[in-house]
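Trainee: I should like to request a close look at a single part of this model, followed by an account of its surroundings.

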Amino acid sequence: SNKGENKFVSDDIEKAMCNLSEENYQIFRLFLEGYKYHEIASYFGMPEGTVKTRIHMTRKKLEKQLKVYRIL
(Lines give C-alpha, C1' and ligand atoms only; values in the text may rest on other atoms or scores of the structure.)
Protein backbone atom coordinates (compact mmCIF):
# COMPACT_ATOMS: atom_id res chain seq x y z
CA SER A 1 0.00 0.00 0.00
CA ASN A 2 1.07 3.60 -0.41
CA LYS A 3 -0.09 4.76 3.02
CA GLY A 4 3.39 6.11 3.75
CA GLU A 5 3.39 8.14 0.56
CA ASN A 6 -0.09 9.51 1.31
CA LYS A 7 1.15 10.58 4.75
CA PHE A 8 3.93 12.64 3.13
CA VAL A 9 1.43 14.28 0.77
CA SER A 10 -0.93 14.99 3.65
CA ASP A 11 1.90 16.42 5.79
CA ASP A 12 3.07 18.65 2.92
CA ILE A 13 -0.45 19.97 2.31
CA GLU A 14 -0.84 20.64 6.04
CA LYS A 15 2.54 22.41 6.11
CA ALA A 16 1.62 24.56 3.09
CA MET A 17 -1.71 25.48 4.71
CA CYS A 18 0.07 26.46 7.92
CA ASN A 19 1.89 29.17 5.93
CA LEU A 20 -1.45 30.88 5.31
CA SER A 21 -2.74 33.69 7.51
CA GLU A 22 -5.01 32.36 10.25
CA GLU A 23 -8.10 33.85 8.63
CA ASN A 24 -7.31 32.50 5.15
CA TYR A 25 -6.51 29.11 6.69
CA GLN A 26 -9.94 29.03 8.36
CA ILE A 27 -11.74 30.23 5.21
CA PHE A 28 -10.04 27.58 3.07
CA ARG A 29 -10.61 24.85 5.67
CA LEU A 30 -14.35 25.60 5.71
CA PHE A 31 -14.39 25.61 1.90
CA LEU A 32 -12.67 22.20 1.83
CA GLU A 33 -15.21 20.90 4.36
CA GLY A 34 -17.98 21.75 1.89
CA TYR A 35 -19.34 25.05 3.18
CA LYS A 36 -20.80 27.38 0.55
CA TYR A 37 -19.28 30.79 -0.22
CA HIS A 38 -22.26 32.62 1.31
CA GLU A 39 -22.04 30.55 4.51
CA ILE A 40 -18.33 31.33 4.92
CA ALA A 41 -18.95 35.02 4.12
CA SER A 42 -21.70 35.19 6.72
CA TYR A 43 -19.52 33.46 9.34
CA PHE A 44 -16.63 35.91 8.83
CA GLY A 45 -18.87 38.94 8.25
CA MET A 46 -17.36 39.74 4.86
CA PRO A 47 -18.74 40.00 1.31
CA GLU A 48 -19.10 36.77 -0.65
CA GLY A 49 -16.82 38.19 -3.36
CA THR A 50 -14.04 38.62 -0.79
CA VAL A 51 -14.40 34.97 0.24
CA LYS A 52 -14.26 33.83 -3.42
CA THR A 53 -11.13 35.92 -4.00
CA ARG A 54 -9.43 34.62 -0.85
CA ILE A 55 -10.19 31.01 -1.77
CA HIS A 56 -8.93 31.57 -5.32
CA MET A 57 -5.69 33.22 -4.10
CA THR A 58 -5.18 30.52 -1.46
CA ARG A 59 -5.69 27.76 -4.03
CA LYS A 60 -3.11 29.38 -6.35
CA LYS A 61 -0.63 29.76 -3.48
CA LEU A 62 -1.05 26.13 -2.41
CA GLU A 63 -0.78 24.88 -6.01
CA LYS A 64 2.51 26.75 -6.36
CA GLN A 65 3.87 25.30 -3.10
CA LEU A 66 2.65 21.80 -3.96
CA LYS A 67 3.47 21.75 -7.70
CA VAL A 68 5.68 18.70 -7.12
CA TYR A 69 2.44 16.68 -6.83
CA ARG A 70 0.99 17.77 -10.18
CA ILE A 71 2.60 14.75 -11.81
CA LEU A 72 0.66 12.33 -9.60
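Which residues does asparagine 24 touch, not counting residues up to four places away in sequence?

Mentor: In this predicted model, asparagine 24 touches Arg54 and Thr58, once residues up to four places away in sequence are set aside. Asparagine 24 has its place in helix 2. Its relative accessible area is 19%, and it is therefore classed as buried, the limit for that class being under 20%.

The surroundings of this residue can be described through the core and through the packing of helix 2. The largest nonpolar core contains 14 residues, and Met17, Ile27, Phe28, Ile40, Val51, Ile55 and Leu62 are those with the most contacts inside it. At least two residues of this core come from each of helix 1 (3–18), helix 2 (22–32), helix 3 (37–44) and helix 4 (48–65). Helix 2 gives the most, with 4 residues. Phenylalanine 28, leaving aside its neighbours within four places in sequence, is in contact with Met17, Ile55, Thr58, Arg59 and Leu62. Thr58 thus appears among the contacts of phenylalanine 28 and is also touched by asparagine 24.

Helix 2 also packs against helix 3, at an angle of about 145 degrees and with the axes 10 Å apart; the crossing of these two helices is right-handed. On the side of helix 2, Glu23, Gln26, Ile27, Leu30 and Phe31 take part, and they meet Tyr37, Ile40, Tyr43 and Phe44 in helix 3. By class, this contact comprises 7 nonpolar, 1 polar and 1 charged residues. Ile27 and Ile40 belong to this contact, and both are listed among the core residues with the most contacts.

Terms used:
Residues numbered from 1 in each chain as written. Predicted model: local features only at pLDDT ≥ 70, side-chain atom pairs only at ≥ 80, totals over all residues. Heavy atoms only, no water. Core = buried A, V, L, I, M, F, W, Y, C linked by side-chain atoms within 4.5 Å. Buried < 20%, exposed > 50% of the residue type's maximum accessible area, 1.4 Å probe, protein only. Contact = heavy atoms within 4.5 Å. Axes fitted to C-alpha atoms, helices over the stretch in contact; angles between N-to-C directions. Left-handed = near helix turned anticlockwise from the far one by under 90°. Nonpolar A, V, L, I, M, F, W, Y, C, P; charged D, E, K, R; others polar.
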